[in-house]
Structure formats: structure tokens, C-alpha cells
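Me: I am in my first year and would like a close look at a single part of this protein, the core and the helices around it. Please go slowly and connect one point to the next.

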Amino acid sequence: MTAARAFVICRRRSVEKGEPMPDDVSIARALHVLGVVLWIGGVAFVTMVLLPAVRRMKTPEERVAFFEDIEGRFAAVARWATVLVGLSGLYIIYVWDMWYRFLVPSNFWMHLMVLVWAVFTVMLFIAEPLFLHRWFQERAKTHPEQTFRIIQRMHWVLLSISLITVAAATAGSHGGFSF
């Protein structure tokens, strides 16, 4: 048995016995939650505050310029937050050796967390830089109202899925789903 494997088994047994969580896992969990708060909270702000305000601006040029400026700044924060969430989540799963949880139906919320994280990671690191940004700019010039409606709908769908996942993960991580 490797030293790393023995370390994981020892930690898992101590957690299962009800002993206090090791400091590094506490820190990882705190970073994980902070990352989720920044990321999903930002999505909520963009969806419920920024997009409605942008739609009320008078000219399409104002809308595009303002939205691009604010969304661009948030995208940078969201990228860092999703990296933090992904790394801390992976660390917690590895250290506690919780891979088996992905096979337990009552832990469906873990699949939701990974799915939401993957969707946003692909959007932020691949789709947006490669084509979504350019699509938005071009389409907003010719069809500004329709473009903002599409973007607002997309944000509402992503926010809804994210909030459902946060609620399920919170309940599930505290024993809320035991079937």
C-alpha cells in the first residue's frame, strides 16, 4: 500500500468515526463554498439585475458596450471561481476517497454539481472565447432585442439549474436524501 493510499484510508476512517475534519479539508470546503458563492451569486446578479437594466438602455450601441464591459469583468471572476470550485471539489473527493458516492443514487446531487461545473467551465473557457463573444457582438448589432432575449433566457436557465443544484447539494451533503 502506498503512503498516499494509507493517508486517504486513515483520514476516511477518522471522518467516519466522527472525529473533527482535518484542517486542510476544512480549508478546501471553505474555498469550495466561497467559489460557489462568487460564481453563482454573480450569475444571479447578471441574470436578475444587469440584463434587465441593460435592456432598458435607449440605443443598441449602449446596450452592447455596457453589457460587454460588465460581463467581461464578471467572466474573469467566474473563471477563477470555477477553477477554485473544481480543484477544491476534486481535492475533497480524493482526500476523503468519496468516488464511490457517484455510484449511490441518493448522491445524485454530486452528479449535478459536476454537470453544472462542466457546463460553466466549457462556456467560460471554450465557447465564449471561441465563438459566443463574436456571435453576441454580431447579432446584437442587427437584432438587439432578440439577442438580449436569448441571452436573458439562457441566463435564467443556467441560474435555475445552478440554484437547484446548490439546494440539492446542501440538503444532500447534510443527509437530506437517503433512499
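Reply:

**Helix H2 and the core around it**

For helix H2, the 33 residues should span 48 Å at 1.5 Å a residue, and the end C-alpha atoms of H2 are 46 Å apart, which agrees with that expectation. The model you are looking at is predicted, and the values that follow are computed from it. Along its length H2 is bent by about 35°, and the place of this bend is Val46.

It helps to set H2 in its surroundings before looking closer. The protein has five helices and zero strands, so that, read from the N terminus, its elements run α-α-α-α-α. Of the 179 residues in the protein, 34% are buried. If you take the contacts between residues at least 6 apart in sequence, 73% of them join residues at least 24 apart. The accessible surface comes to about 10,800 Å², and carbon and sulfur atoms account for 70% of that surface.

Now to the core itself. The largest nonpolar core has 24 residues, and the members that touch the most others are Trp39, Phe67 and Phe136. At least two residues of this core come from each of the helices H2 (23–55), H3 (60–95), H4 (108–142) and H5 (144–173). H2 supplies the largest share, namely eight residues. There is also a second, separate core of 11 residues, and among its members are Ile93, Met110, Ala168 and Ala169.

Trp39 is a good residue to follow first, since it takes part in an aromatic pair. Four aromatic pairs are counted in the model. In one of them, the ring centres of Trp39 and Phe120 are 5.2 Å apart and the ring planes stand at 80°, so the pair is edge-to-face, planes over 60 degrees apart being counted in that way. Because Trp39 lies in helix H2 and Phe120 in helix H4, this pair ties together parts that are 81 residues apart in sequence. Trp39 and Phe120 are both buried.

The surroundings of Trp39 also include residues of helix H3, and Thr82 is one of them, being found in H3 and touching Trp39, Trp117, Phe120, Thr121, Leu124 and Phe125 when residues up to four places away in sequence are not counted. The relative accessible area of Thr82 is 1%, so it is buried, the cut-off for that word being under 20%. Ala81 is likewise placed in helix H3, and with a relative accessible area of 4% it is buried. Once its neighbours within four places in sequence are left aside, Ala81 is in contact with Gly35, Leu38 and Trp39. You can also follow the distance from Ala81 to Leu31: these residues are 50 apart along the chain, while their C-alpha atoms are separated by 9.3 Å.

From Trp39 we can turn to the other two residues named at the start of the core, Phe67 and Phe136. Phe136, with its neighbours within four places in sequence left aside, is in contact with Val64, Phe67, Glu68, Thr147, Phe148 and Ile151. Two residues of that list, Phe67 and Phe148, form one aromatic cluster together with Phe136. The ring centres of Phe67 and Phe148 lie 5.9 Å apart with their planes at 80°, so this pair is edge-to-face. It links distant parts of the chain, for Phe67 is in helix H3 and Phe148 in helix H5, 81 residues apart. Phe67 is buried at a relative accessible area of 4%, and Phe148 is buried at 2%.

Finally, helix H3 can be given the check with which we began. The 36 residues of H3 should span 52 Å at 1.5 Å a residue, and its end C-alpha atoms are 50 Å apart, which agrees. H3 is followed by Asp97, whose place is in the loop between H3 and H4. Asp97 has a positive phi of about 50°, although it is not a glycine. With a relative accessible area of 14%, Asp97 is buried.

Note on methods: Residues are numbered from 1 along each chain as its sequence is written. This is a predicted model: local features need pLDDT of at least 70, side-chain atom pairs count only at pLDDT 80 or more; totals for chains, interfaces and linings use all residues. Side-chain values use heavy atoms; hydrogens and water are left out. A nonpolar core is a set of buried Ala, Val, Leu, Ile, Met, Phe, Trp, Tyr and Cys residues joined through side-chain atoms within 4.5 Å. Buried means under 20% relative accessible area, exposed over 50%, partly exposed in between (1.4 Å probe, protein chains only). Helices (H or I, at least four residues) and strands (E, at least two) are DSSP runs, numbered from the N terminus. Contact means heavy atoms within 4.5 Å. The expected span of a helix is 1.5 Å times one less than its number of residues. The bend at a residue is the angle between axes fitted to the seven residues ending there and the seven starting there. Accessible areas come from the Shrake-Rupley method with a 1.4 Å probe; for residues, only the protein chains shown count as cover. Rings of Phe, Tyr and Trp (its six-membered ring) pair if their centres lie within 6.5 Å; planes under 30 degrees apart count as stacked, over 60 as edge-to-face and the rest as tilted.
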